Amino acid sequence: MKIQGAEIKGEPRSLEDWTSVLRDREMPVFSDTVQSINYILEDEKKGAMELAPVILQDPNLTAKLLKLSNSIYYNPSRKQMVTVSRAIVILGIEVIRELTLACSLFEAILLPNNRQRANEEIAKAIHAAVQAKALAIAAKDPSPEEVFIAALLKNIGSIAFWCFCGAQGDRIQALLKNGLSNEAAEKQVLGFKLADLDISLCKTWNLKGLIEAAIKKSTRDVDPRVKFVRVGCEVVEALREGVGTQSYYACVEKIETMTGQSKEAIEAGLRKNTDIAANIACHFGATEASNLIQHNVRQNSESNASAQNVDRKVLQFQILQDITAILSGRIDINLLLETVLEGIQRGIGMDRTIFALLTKDKNALLEKVALGWRKDSYLQKIRFELSKSPPNLFFQAIANHEGYWINPKENKYLYSASDVKTIGIQSCLLMAVCSGDKPIGLIYCDRAYSNLELTEDDLKAFKHFVQQANIGLSLYRMQAR
């Protein structure tokens, strides 16, 4: 791996080395997700639905997020959510941001060989996040989800290090057994404190707002909400020492001052939040961390049922029900198209799906929403050229309103050099998206990574989903008159 022109050989030797290794080699999915979310949320012109494609790029992230979205903790009303688009509408952008960052973090750090210290750090982070969020809710904070994420990522450097530490972690552990303090052992082995790695990763991932304020660990709190995060972390340490200890009662008094709750209510809440944290850890897949949060965690039927794979036919039906609900009211066209693409991607089982709009000169199609495409940057947009003479597969789809199953063995002549460069030579499904009788773009999908064969049933389901988009566009035009 290269860092500023130099290549790291062997174990990282500096704070800069560790920052780069975690960002680029060990946690690239989390890095990409953080950057994409920051880009979307910092742009006032972008809406909540811009988050859906970021999540749907990763099937594992999508599955975990939907599983958590349907848990009692996040969804007490028990409104079933089978699509990311619907989850965003029901839960709101702040909750989805919390879930996306949390799920992508655990996808990056949860490994089969995570050792005891790594699981301890993960357990503390989840437990502190739940306790801090509950405190924020009790204090009527306007954005408790932000508090959750700030507490979860407060010690991101320590969490990441202990998940990927290798022999350096063993050397630190040996020094700790010999009586050295954490900071002294870290500096002797690494040349820096893990608290410095927290700050360095915060900077490289461009983590702003409350997250940055909590990570900086300043003795002077610029944002009073940082206290929620810090008290959440203190509660975890106090509970580890034991109920009834001096530090435990000190935390109870702090919470009493911040929220006005009675001591009895606070202590009951701390116990309840410990149960919730253990259950949430199970949902994230951190079962060892769950056991560390609370021994003998109850395994409930809810988590077992939600972990099961949904039959694709059932999923298609559920997503079509969501589409019907969208079409029955005032149509949000962006939500409709997001849901249609998600139905094709997940319901039919595609590797890559895209909705592309005709350019003004009608010579090309430009990405509007893309799922599953491996791109160098979130900002990169996929472009399909339209070739009329000889016609390529995209021109063929735009010129006719039928759905096509293009097989390169039989239709290789439809793949122009530009097509091959952009999509390869793949069997694919594509169909024009129309406003009335006028094509405005198309939807394309394939199985470029899995190389699984397409079927007539796939084509039939694909055409049905695209037809729902066309119906929605027609209704949208009527409503706009």
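**Entry 1: burial and overall build**

I started with burial: in this predicted model, buried residues make up 52% of the 481 residues in the chain. Next I looked at how the contacts are spread along the sequence. Of those with a separation of 6 or more, 62% are between residues 24 or more positions apart.

For secondary structure, I found 24 helices and eight strands in the chain. I then checked the radius of gyration, which is 25 Å; the globule rule gives 23 Å for 481 residues, and the two are close, so the chain is as compact as a globular protein of that length. I also noted the span of the C-alpha trace along its principal axes, about 80 × 55 × 40 Å.

**Entry 2: helix α9**

How many residues of helix α9 (residues 156-164) are buried? I get nine of the nine, so α9 is largely enclosed by the rest of the structure. For my own reference, the buried residues of α9 are I156, G157, S158, I159, A160, F161, W162, C163 and F164. I went a little past the helix too: just after α9, G166 takes a positive phi of about 60°.

**Entry 3: α7 against α8**

I turned to helix α7 (residues 116-138) and helix α8 (residues 144-153), whose axes are 8 Å apart and pack at an angle of about 155°. Angles over 145 degrees count as roughly antiparallel, and α7 and α8 are therefore roughly antiparallel to each other. Their crossing is right-handed.

Which residues make the contact? On the α7 side I listed A125, I126, A128, A129, V130, A132, K133, A136 and I137, and on the α8 side P144, E145, V147, F148, A151 and L152. Sorted by class, the residues of the contact of α7 with α8 come out as 13 nonpolar, no polar and two charged.

**Entry 4: α1 against α12**

My second helix pair was α1 (residues 15-26) and α12 (residues 194-204). Their axes come within 10 Å and cross at roughly 50°. That angle is neither under 35 degrees nor in the 65 to 115 range, and α1 and α12 are therefore oblique to each other. α1 passes α12 in a right-handed crossing.

From α1, the residues that take part are L15, W18, T19, L22 and R23, and in α12 they meet D196, L197, S200, L201 and T204. By class, I count five nonpolar, three polar and two charged residues in the contact of α1 with α12.

**Entry 5: two single residues**

I looked up V314 first, which lies in helix α19 (residues 312-327). Its relative accessibility is 40%, so V314 counts as partly exposed. I also checked V314 against A238: they are 76 residues apart along the chain, and their C-alpha atoms are separated by 47 Å.

Then I went to N407, in the loop between β6 (403-406) and α22 (408-411). Is N407 buried or exposed? With a relative accessible area of 19%, N407 is buried; the cut-off for buried is under 20%. Which residues does N407 contact, leaving aside its neighbours within four places in sequence? I noted K412, Y415 and S427. Last, I took the C-alpha to C-alpha distance from N407 to V226: they are 57 Å apart in space and 181 residues apart in sequence.

Definitions and conventions: Residues numbered from 1 in each chain as written. Predicted model: local features only at pLDDT ≥ 70, side-chain atom pairs only at ≥ 80, totals over all residues. Heavy atoms only, no water. Axes fitted to C-alpha atoms, helices over the stretch in contact; angles between N-to-C directions. Helix = DSSP H or I, 4+ residues; strand = E, 2+ residues; numbered from the N terminus. Left-handed = near helix turned anticlockwise from the far one by under 90°. Contact = heavy atoms within 4.5 Å. Nonpolar A, V, L, I, M, F, W, Y, C, P; charged D, E, K, R; others polar. Rg over C-alpha atoms; globule rule 2.2 N^0.38 Å. Buried < 20%, exposed > 50% of the residue type's maximum accessible area, 1.4 Å probe, protein only.
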